[in-house]
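User: I am new to reading protein models. Please take a close look at one helix for me, and then show me what lies around it.

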Amino acid sequence: MSTEPRINDRIRVPEVRLVGPSGEQVGIVPLAKALELAQEYDLDLVEVAATARPPVCKLMDYGKFKYESAMKAREARKNQAHTVIKEMKLRPKIDPHDYDTKKGHVVRFLKQGDKVKITIMFRGREQSRPELGFRLLQRLANDVQDLGFVESSAKQDGRNMIMVLGPHKKKTEAMAEARAIADARKAERQGRNTGPDAATDEDAALEAENAAAEAEADEADDAEDADETDAEVEQPTEVSQDA
């Protein structure tokens, strides 16, 4: 059964329970009277409860209603927190610089409220030294303990050793914090562009542009002077080899 609301002449009942544009109860009125009121208020007659007896209809701006509903749904989707598991792969004998880089990515993921799956990949003889991977995972967990916790302890999975880190901060909190920072930066940029320093910045830019133009003109004059000097230099006379 379709739940799409019926509007105006799509309603096929002799009478309806009418709700006014401000939510007030008008009462049970003939359908023709309800349509007349809708035209009088320049609104739509929308059936909001088809299963009631008689059906309930409301006077509203249906286009505005659909727009506001779409905006609410969009805001709800924006605030939804989707659980994401990021993965970071390391080698047991990782270089210190590479370790710092990988740790930076893990920190970023945890700050965003995402879980991180850490995978230590063993190759060849490294498989006989699982303690290397275990110590590396412990080191990483200790380095990021302010941002996350060990959700799944290290365990061997074939040639790999896996550990899962969970964030202390919820995804919704991380998203709200990121939006607040972005809004603050945007407001700061707008204030910088419209504040008292904006004129100073424009003057500085104009001075820099004028200085560049003057420097370009000076270079052109120097080049012209150099061409004139070259023209004034006496050219060597060709000596004939004929006796």
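Analyst: What follows is a walk along one helix, followed by some of its surroundings. Keep in mind that this is a predicted model.

Start with the whole chain. It holds 6 helices and 9 strands. Of its 243 residues, 23% are buried. Now take the contacts between residues at least 6 apart in sequence: 55% of them join residues at least 24 apart.

The part to study is helix H3. It runs over residues 96-111, which makes 16 residues. From its first C-alpha to its last, H3 reaches 22 Å. That is close to the 22 Å expected at 1.5 Å a residue.

Which residues of H3 are buried? They are Tyr99, Val106, Phe109 and Leu110. These buried residues cover an arc of only 95 degrees around the axis, so they sit on the same side of H3. Now turn to the face that points away from that buried side. There you find the exposed residues His97 and Lys111.

What do the buried residues of H3 pack against? Their partners include one helix, H4 (130-143). The strands E6 (85-90) and E7 (115-121) are also partners. So are the strands E8 (148-157) and E9 (160-167).

Tyr99 deserves a second look. It is one of the buried residues of H3. Arg139 lies over the face of the Tyr99 ring, at 3.8 Å from the ring centre.

Next, check the two ends of H3. At the start, Asp95 reaches in with a side-chain oxygen, to within 2.9 Å of the backbone nitrogen of His97. Just after the helix comes Gly113, which takes a positive phi of about 85 degrees.

Now follow the loop between E7 and H4, whose two flanking elements both pack against the buried residues of H3. Two residues of this loop are worth finding: Arg123 and Glu126. Is each one buried or exposed? Arg123 has a relative accessible area of 52%, so it counts as exposed. The value for Glu126 is 13%, so Glu126 counts as buried. Leave aside the neighbours of Glu126 within four places in sequence. Glu126 is then in contact with Arg91, Pro92, Lys93 and Met121. As for Arg123, look across to Arg159. The two are 36 residues apart along the chain, yet their C-alpha atoms are separated by 7.2 Å.

Finally, set helix H2 beside H3. H2 covers residues 62-78. At 1.5 Å a residue, its 17 residues should span 24 Å, and its end C-alpha atoms are 24 Å apart, so the two values agree. Asp61 caps the N-terminal end of H2. One of its side-chain oxygens lies 3.3 Å from the backbone nitrogen of Gly63.

H2 also holds an aromatic pair. A search of the whole structure finds 1 such pair. Its members are Tyr62 and Phe65, and they are stacked. The ring centres are 6.0 Å apart, with 25 degrees between the planes. Tyr62 and Phe65 both lie in H2, 3 residues apart, about one turn of the helix. Tyr62 has 15% relative accessibility, so it counts as buried. Phe65 has a relative accessible area of 38%, so it is partly exposed.

Note on methods. Residues are numbered from 1 along each chain as its sequence is written. This is a predicted model: local features need pLDDT of at least 70, side-chain atom pairs count only at pLDDT 80 or more; totals for chains, interfaces and linings use all residues. Side-chain values use heavy atoms; hydrogens and water are left out. Rings of Phe, Tyr and Trp (its six-membered ring) pair if their centres lie within 6.5 Å; planes under 30 degrees apart count as stacked, over 60 as edge-to-face and the rest as tilted. Helices (H or I, at least four residues) and strands (E, at least two) are DSSP runs, numbered from the N terminus. Buried means under 20% relative accessible area, exposed over 50%, partly exposed in between (1.4 Å probe, protein chains only). A charge sits over a ring if NZ of Lys or CZ of Arg is within 6 Å of the ring centre and within 35 degrees of the ring normal. The expected span of a helix is 1.5 Å times one less than its number of residues. The arc is that of the directions from the helix axis to the C-beta atoms. Contact means heavy atoms within 4.5 Å. A polar contact is a pair of N or O atoms within 3.5 Å; within protein, one must be able to donate a hydrogen and the other to accept it, and residues adjacent in sequence count only if both atoms are side-chain atoms.
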